[in-house]
Every structure is written in C-alpha cells, then in structure tokens.
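Work through the exercises below with the sequence and the model side by side, and try each task before reading its solution.

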Amino acid sequence: MDKPTQKIVIVGGGTAGWITAGWLAAHHKVTSGSHLEVILIESPDTPSIGVGEGTWPTMRNSLIKMGISETDFIRECDATFKQGAKFAKWVDGSDDDFYYHPLVLPQGFTQQDLAPYWASLHTESNEESKHSFSNAVCFQESVCEQGLAPKTIRTAEYSDVANYAYHLDAGKFSQFLQRHCTEKLGVTYLSAHVTGINEHSNGDIASLTTQTTDKLEKEIEGDLFVDCSGFKSLLLGQHYQVPFIDCSDVLFIDTALAVHVPYDEEDSPIASHTISTAQEAGWIWDIGLQHRRGVGHVYSSRHTDEATAMQALADYIGPKFDSLTVRKIPIKSGHRETFWHKNCVAVGLSAGFLEPLEASAIVLVELSAQMISEQLPANREVMDIVAKRFNQTFNYRWERIIDFLKLHYILSRRCDSDFWKDNRDPKTIPQSLQDLMKIWQHRAPADMDFTSNNEVFPAASYQYVLYGMGFDTDYAVTPHLLNDWQYAHRQFTKNQYLIERATAQLPSNRELINKIKQYGFSQI
C-alpha cells in the first residue's frame, strides 16, 4: 500500500471544492508537469446558497497563492472590502449599543497589552476614558464608522493601509474560481452525478462511478478523495457513516431567513464591515456587496417562530421588504467526529457548519485546503499519520470557534427573551470557556492562554469582544500589569494620530470600488 499519491478527486464544487482544487493545483504546480492530477466532479444541478459571504484576511493569501489578480477578483465576484464586524444591540439592546471586532491588532500589542491601561482610564472622567476599547487601541473603528476603504487606488494589489478581508457573492466566486482553476491551474473538471462509490478490500475508496446528463457512465479512480459535497456529506457522512457531533446545546441558532436587498441608489454607501444586529431570539447579518446587500435573520426556532422572525427581518429592511424573495435555510450547528477517514477528507459543509457570526466557514475551508496541500501524504503508507494530525488540528479549531462564538452570547446583559437568558446558563457554556472567563477576571486575554499554533481567533479578538461588551477585569491583584504608563500613553496618542491620518486620506468604500472597476490596482 505504498502507492504514491498521484490523483486527487474532489467531489463537489462551490467555494469549498474550488478553493481546495486551487490550493492543491497551485501548490503542486500541476500545470508544470507535476506528478499530481487534480480532478473535480460537480453535480450539474447543485444550486449555490449564495447569500453574500464574509471572509477573513487569509483570503488575500489564498488568492495570491492561486495567482489571481485582486482587480479581476473584485470586478467579477461583486466583492467589496471588509474590515471587521460591528455588533449592534448585543449588550443591552439600546439604540446606541454597539462595539467593533476590527481586523487590526491593538496598538503596540506585540510589545505591551493596553487593555489594563484602558480599563483603568475607563473608570475615570477624562478625555481618554471616553473612547470604546477598540477606538482607544485601534484606528479601524473610526475608519469603518465613516464608511472608508482600507486602502487607496494607489496601493498595490493585496497591500493595505488597514488590514482587510472581503465580502463576496459566493455564486460568482465559485464560477470565477472554476474558470481560473481549469484554465490557468490545470484542474480537470467533470460535470456529472456520483452514482456509486467503489472500495478497495481495505475499505479505502477505489473509485467513483459517475453519470453525465447524457447518461454516459465513467469510473473515476483516485488516491485521495476530498468530500466537498455540502451538507449531504456524500463520502464522509453517507458512505463512511462518520458521526456528526451536534453542538446545538451550546449554539442555539438553527434557522436562517436570507434575502437580497438592492441599494436605494447606484452610488449608495457600502459598509466596509459586516453588521450584526441582535434580535429577540437571534441576530441579523448585513453584508454590503457592490450591487446589493446580503441580509438575513438567523434565529433559534426553540425560542421564537418563523412568523415573528420574518417580521423582525421585515422591520429591519423596511418598506422594500414586501417585494423581496426570502430563502429559508436550515442550520445544524456541529461537525463530524473526524474529518479525515481512510483516504477521504471532508472540507466545507460536509465537515460541519456553525452559525455565520464571525464568518468562520470560508476560513476553515482555506485552512483545510492549505493543510491538505502542504502536508499531502507522499503515499498511502503515511496517509494515516497525516490524517491523525489533520483530525487533531481541526477538532481543536472547531472547538475553539465554538467557544469564541458562545463568548458573544454569555456577555450579553439582554433579558428580553429566554434566548439570551438560556445562553448565559452555565450548563450551555463549554468548560474550556468557563475556565478562561475565570482567568480573565484578573487579566486580559493573552497569547499564553492559547498554547496551540492552530488558533483561529487570536487573543486580540477575545479582547475586542470582551471589552466591547463591557466585561470588567479587576486588576487589583495584578497591579504589575500597569507598570508602564508612559508607554501606554504614547500608544494611545499614536492611535489617535493614526485615526486622524487614516480618516483624512482614505476614500469611501464605494469610491474605491468604483475606481478599481474603472482603472484597476497596480500590480505587486
């Protein structure tokens, strides 16, 4: 069983399938006479969910890896810039209740933690105490509040003034990647239904029987099979019966109502961040693309009914809601017990899904595709070792994401429904998160709290959410964390300078998008 890994078969297209294909083909230079062959099989009648997707800054690295022009990507995928998330009405539900989770690290974060100094100032009545945590330590909140872009048209492709990710149309993105992967990266594409799964004597998948729309059958052999078949999880879930770990006891959201909302005017402002507005039994996302907004209400059907949720969405959107088409999407929060079994690995929805609160879906695809590409087993003999490492890594990542999403809910002081009260019930909070919350009673989240190299959310992200939502860390027993006020004041002052400079120089998000469509960026 020491046959070299030469042929990778990906089942399913969409964002997961094509990102995985692109990473593999680019990393192994398939077009340059590589020994590796990458084939993607996609059912001809699989619809795209296409609700408007948020990404992480990692997407820039993925696009660079695949040799994609940022100008082409923005023009063809209805993409816009995302600089973080704004959480409205999560703390107490009042009209002026909001905070940011930006994509820029706190000022001076790698040298010294400003959180204790901000907390100390926040208890005083002076000018510095008026700033929210993110606005005191990071210039990006002010950039987002003014609807500004993270760079200018003179900034080279993928470079930045402020760290950024993207909002994109998932359907257009998949089509764009398909063209690029097949035309530029050497990926073989087959539009066909998978009608049979054939095994070797050891239980590995030997081949797939496929049937095209004109009833032609073809058997596709492979050494490694990547399951990107979406929620049905054709290979890992259905064929191998790998159990699904349900986490709805921790994350209650189980339904989404999604809608495309046209802009009022052609030049309407485009928000340069995701907006997440809390509701009675869930929250509403609002993502600005070039030609429309993707808006949706995710909620817990255990705490409200569809009619009430629909009315909340209608109230949020306003009068134009009556002319729009709403799609109902079920959400089953959780993940497979293992992700790589024998010679099959699942990526994307076939591996699992969590509510879209912090846009973790696509970044998990990217991280999976990257690890499969970089640690691709040379032969079957070492595949089980790589699979074990992959499963350990991604079990850890899924657990930490669940903790981070739950953090948003347990910090809320809302008492207007059982949804918020139940989220604060200790029985619904993972012990790993409860332990961290006790530690953070006396100091801010720090890198030492996360011992793995596989963290998805860094300590800074936890700080932005904790202190954005009013968590009170008591430094009475840790006064040594406040031993360099001179440095802290310099960093607060520098941040205010960066705010003034950025808000004076950066164009609006809409203005930059229009210039990219007209002129394009400078190449790297």
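The exercises that follow concern a predicted model, and each task is followed by a worked solution.

**Exercise 1. The open sheet**

Task: Work out in which order the 7 strands of the open sheet are arranged, and which strands stand at its edges.

Solution: Begin by following the strands across the open sheet, which gives the order E6-E5-E15-E16-E17-E14-E18, with mixed pairing. Next, look at the two ends of that order: strand E6 (98–102) and strand E18 (327–330) each have a single partner strand, so one side of each is left without a neighbour in the sheet. Finally, consider how the strands are turned, direction ignored: neighbouring strands of this sheet make an angle of 20° with each other on average.

**Exercise 2. One strand pair and the helix across it**

Task: Find the sense in which strand E14 and strand E17 pair, and name the strands that helix H9 lies across.

Solution: First take E14 (residues 255–262) together with E17 (residues 292–299), which are joined in the antiparallel sense over 8 bridges. Within E17, histidine 297 is the residue that stands opposite leucine 257. Then turn to helix H9 (residues 306–317), which lies across E14, strand E15 (274–279), strand E16 (282–288), E17 and E18, and which runs at about 150° to E17.

**Exercise 3. The nonpolar cores**

Task: Identify the residues that touch the most other members of the largest nonpolar core, and the helix that gives the largest share of this core.

Solution: The largest nonpolar core has 158 residues, and among these Phe73, Trp90 and Leu407 touch the most other members. The largest share of this core, 13 residues, comes from helix H11 (residues 380–410). For leucine 407, when residues up to four places away in sequence are not counted, the residues touched are Leu433, Met437, Tyr462, Val465 and Leu466. Another core, of 12 residues, lies apart from the largest one and includes Leu257, Val259, Tyr299 and Leu313.

**Exercise 4. Aromatic pairs**

Task: Decide whether phenylalanine 73 is buried or exposed, and describe how phenylalanine 73 and phenylalanine 173 are placed as an aromatic pair.

Solution: Start from accessibility: phenylalanine 73 has a relative accessible area of 0% and is therefore buried, and phenylalanine 173, at 0% relative accessibility, also counts as buried. The structure holds 31 aromatic pairs, and the one formed by phenylalanine 73 and phenylalanine 173 is edge-to-face, with 5.6 Å centre to centre and 75° between the planes. This pair links distant parts of the chain, since phenylalanine 73 belongs to helix H3 (residues 70–76) and phenylalanine 173 to helix H7 (residues 170–183), 100 residues apart. Phenylalanine 87 and tryptophan 90 form an edge-to-face pair with 5.8 Å centre to centre and 90° between the planes, and both of these residues are buried. Ring pairs join Phe87 and Trp90 with Tyr99, Phe252, Tyr409, Phe419 and Trp420 into a cluster.

**Exercise 5. Two positive phi angles**

Task: Determine where glutamine 241 and alanine 359 are placed, and whether each is buried or exposed.

Solution: Glutamine 241, although not a glycine, has a positive phi of about 55°, and its place is in the loop between helix H8 (234–239) and strand E13 (244–246). Because its relative accessibility is 58%, and exposed means over 50%, glutamine 241 counts as exposed. Alanine 359, likewise not a glycine, has a positive phi of about 50° and is found in the loop between strand E22 (352–353) and helix H10 (360–374). With a relative accessibility of 14%, which is under 20%, alanine 359 counts as buried.

Conventions
Residues are numbered from 1 along each chain as its sequence is written. This is a predicted model: local features need pLDDT of at least 70, side-chain atom pairs count only at pLDDT 80 or more; totals for chains, interfaces and linings use all residues. Side-chain values use heavy atoms; hydrogens and water are left out. Two strands pair if DSSP finds at least two bridges between them. Helices (H or I, at least four residues) and strands (E, at least two) are DSSP runs, numbered from the N terminus. Axes are lines fitted to C-alpha atoms, for helices over the stretch in contact, and angles run from 0 to 180 degrees between N-to-C directions. Contact means heavy atoms within 4.5 Å. A nonpolar core is a set of buried Ala, Val, Leu, Ile, Met, Phe, Trp, Tyr and Cys residues joined through side-chain atoms within 4.5 Å. Buried means under 20% relative accessible area, exposed over 50%, partly exposed in between (1.4 Å probe, protein chains only). Rings of Phe, Tyr and Trp (its six-membered ring) pair if their centres lie within 6.5 Å; planes under 30 degrees apart count as stacked, over 60 as edge-to-face and the rest as tilted.
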